[in-house]
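Subject: Structure handover and notes

Hello,

Here is the structure to look through. My notes follow below it.

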Amino acid sequence: TKIHTLLLAGIAGLSLASSCDKNNHDINTQDLPDPIQISLRSAEKEMVQSDKSFAFDFFAHVFNEESVGEDLNFMVSPLSLSMALAMTWNGAAGETKPAMQQTLKMGDYAEEELNSYYKKLKDALLKTDPSTKLSIANAIFTNQSVTIHPEFIHTNQSYYDATVQPVDFSGTAAKDIMNQWASDHTNGLIKKVIDKTNAFDLMYLLNAIYFKGIWTTEFDAKHTSRKPFTSEDGTIWQVDMMKQRADFNYTEDQVLQLVQLPYGNQAFSMMVLLPQEGKRLQDVVAATRQDDYWNGLKSTMSEAEVDLSLPKFKTEYSKKLNDVLSKMGMGIAFTDAADFSGMTNHTAKIAFVKQDTYI
C-alpha cells in the first residue's frame with residue numbers, strides 16, 4: 001500500500017511594539033484590567049511544568065544543531081509546536097503514541113486530560129490582556145480522496161478550534177490556500193509556509209500563533225543610538241541600541257542575568273537572559289535544562305532599577321524539525337513503522353515538521 005504522508009507546520013509571528021509605533025498610545029496601560037487568574041488543577045499545574053520542560057529541551061536541541069551547522073540567529077515557538085504535536089498525537093496509536101507523548105514530556109495522561117489542558121491554556125491566553133493582540137489558530141487540510149476518521153476531526157475541532165478543509169493536493173491551489181491561511185493568521189508577517197504538495201499527502205496540520213504586545217514601560221525612540229554589540233566569538237557590531245532606565249523585575253546568578261519586560265497589564269512578558277562575563281550561551285542553555293532551575297531563578301526576582309540596553313532586531317527563521325524531534329524521542333513517527341491508525345485506515349507517517357517564525 002502507498003504510505004501517505006502527514007505534514008505539520010508551525011507558524012509564529014510576533015510583533016513587539018515599542019514607542020516608535022505611533023499606534024501604541026491609543027492604549028493607556030494604567031487603565032487595563034488585572035490579568036485573569038487561571039485556576040489550575042494539580043494535574044494541570046504538572047502539565048504546565050511539563051510544557052516548560054519540553055520548551056527548554058526543544059530550544060536546547062535546536063541550539064545544538066545550529067552550533068554545529070550554520071550557527072544562525074534563531075527563534076522557535078515551543079507552544080506552537082507542542083499544540084500541533086498534541087493534535088497529531090490524537091491520531092497516533094501503537095508505539096507511536098507513547099513516543100510522541102514522552103517527547104512532549106506529558107507522562108501518561110489520558111487524551112481527555114491532555115486535550116482539556118491545551119483548550120484551557122488557549123482560551124485563557126486569549127482573554128487575559130485586552131491590550132495584546134493574540135491569535136492562536138489551528139487548521140487541518142485533508143486529502144479529499146482519503147477518509148479521515150470522524151473522531152480525530154471532532155476531537156481537534158472541539159478542543160483546538162481547528163478549521164478542517166478537504167483539498168486536492170494534486171494541483172497547485174492547495175499550497176496557495178494554506179499559504180493564504182498562514183498569512184491571514186499572522187497578520188501578514190508570514191506569507192509562505194508550503195512550497196508544493198503532491199497527490200499522496202494525507203493532510204497538513206497547521207498551527208499559527210500571532211502576538212503583538214505593547215511594552216508596559218516603553219522605549220523612547222530618541223534614546224536609540226548606534227552602539228557596539230559583542231557577539232560570542234568576539235566580533236563587535238555597531239547596532240541600533242534601544243535604551244531606558246526603569247524599574248523591572250531582575251535577578252542574576254553565577255550563569256546569567258535575567259530581566260522581565262512586561263507588556264500591557266503584565267499578563268505577558270519578555271524574559272531577557274544575558275550570560276555573565278566569562279559565560280557562554282551553551283552555559284545558559286545547559287542551566288535552563290536543569291530540573292526546577294527556571295522556577296527557582298524566577299522566584300528570586302525582585303524589582304530593581306535597571307539600566308537597560310537592548311538592540312533593535314528582526315529575525316526570520318524557518319527550520320525543518322524532523323531530526324530534532326527524532327533526537328527528542330519520537331523518531332518512529334517519521335518511519336514506515338509509524339502508526340496513525342487513529343487518524344485513518346491508510347498507512348501513514350510524518351513527512352516533515354517545519355516551523356516558521358518572525359519577530
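How are α1 and α7 oriented to each other: roughly parallel or roughly antiparallel? Before the answer, please keep in mind that this is a predicted model.

Helix packing

Two packed helices are described by the angle between their axes and the distance between the axes. For α1 and helix α7 (residues 281-288), the packing angle is about 155 degrees and the axes lie 9 Å apart. Angles over 145 degrees count as roughly antiparallel, and α1 and α7 are therefore roughly antiparallel to each other. The crossing of α1 past α7 is left-handed.

On the α1 side, the residues in contact are Phe56, Phe59, Ala60, Phe63 and Asn64. They meet Leu281, Gln282, Val285 and Thr288 of α7. Sorted by class, this contact of α1 with α7 has six nonpolar residues, three polar ones and no charged ones.

Salt bridges

Side chains of opposite charge can pair when their charged atoms come close. With a cut-off of 4 Å between side-chain nitrogen and carboxyl oxygen, the count comes to 18 salt bridges. I went through three of the pairs.

The pair to look at on screen is glutamate 44 with lysine 120, whose side chains meet in a salt bridge at 2.9 Å, N to O. Glutamate 44 belongs to helix α1 (residues 42-68) and lysine 120 to helix α4 (residues 111-127), so this pair ties together parts that are 76 residues apart in sequence. The two partners can also be set side by side for accessibility: glutamate 44 is buried, at 4% relative accessible area, whereas lysine 120 is partly exposed, at 30%. Both residues also belong to a network of salt bridges that links Arg41, Glu44 and Lys120.

Within α4 there is a salt bridge between lysine 119 and aspartate 123, with the closest N and O atoms 3.4 Å apart. These two residues both lie in that helix, four residues apart, about one turn of the helix. Lysine 119 is partly exposed, with a relative accessible area of 29%, and aspartate 123 is partly exposed as well, at 25%.

Aspartate 176 pairs with lysine 175, and here the closest N and O atoms are 3.1 Å apart. Aspartate 176 is partly exposed, with 42% relative accessible area. Lysine 175 is partly exposed too, at 23%.

Loops

Which loop residues have a positive phi although they are not glycines? Lysine 105 is one of them, with a phi of about 60 degrees. Lysine 105 sits in the loop between α3 (96-103) and α4, and its relative accessible area of 27% makes it partly exposed. Glutamine 266 is another, with a phi of about 75 degrees; its place is in the loop between β7 (256-263) and β8 (268-275).

Another loop residue to check is tryptophan 215, found between β4 (201-214) and β5 (225-230). Is tryptophan 215 buried or exposed? Its relative accessible area is 4%, and a value under 20% counts as buried, so tryptophan 215 is buried. The C-alpha atoms of tryptophan 215 and phenylalanine 268 are separated by 9.7 Å, while the two residues are 53 apart along the chain.

Regards

Definitions and conventions. Residues are numbered from 1 along each chain as its sequence is written. This is a predicted model: local features need pLDDT of at least 70, side-chain atom pairs count only at pLDDT 80 or more; totals for chains, interfaces and linings use all residues. Side-chain values use heavy atoms; hydrogens and water are left out. Buried means under 20% relative accessible area, exposed over 50%, partly exposed in between (1.4 Å probe, protein chains only). Axes are lines fitted to C-alpha atoms, for helices over the stretch in contact, and angles run from 0 to 180 degrees between N-to-C directions. Angles under 35 degrees count as roughly parallel, over 145 as roughly antiparallel, 65 to 115 as roughly perpendicular and the rest as oblique. A crossing is left-handed if the near helix is turned anticlockwise from the far one by less than a right angle, and right-handed if clockwise. Contact means heavy atoms within 4.5 Å. Ala, Val, Leu, Ile, Met, Phe, Trp, Tyr, Cys and Pro count as nonpolar, Asp, Glu, Lys and Arg as charged, and the others, Gly among them, as polar.
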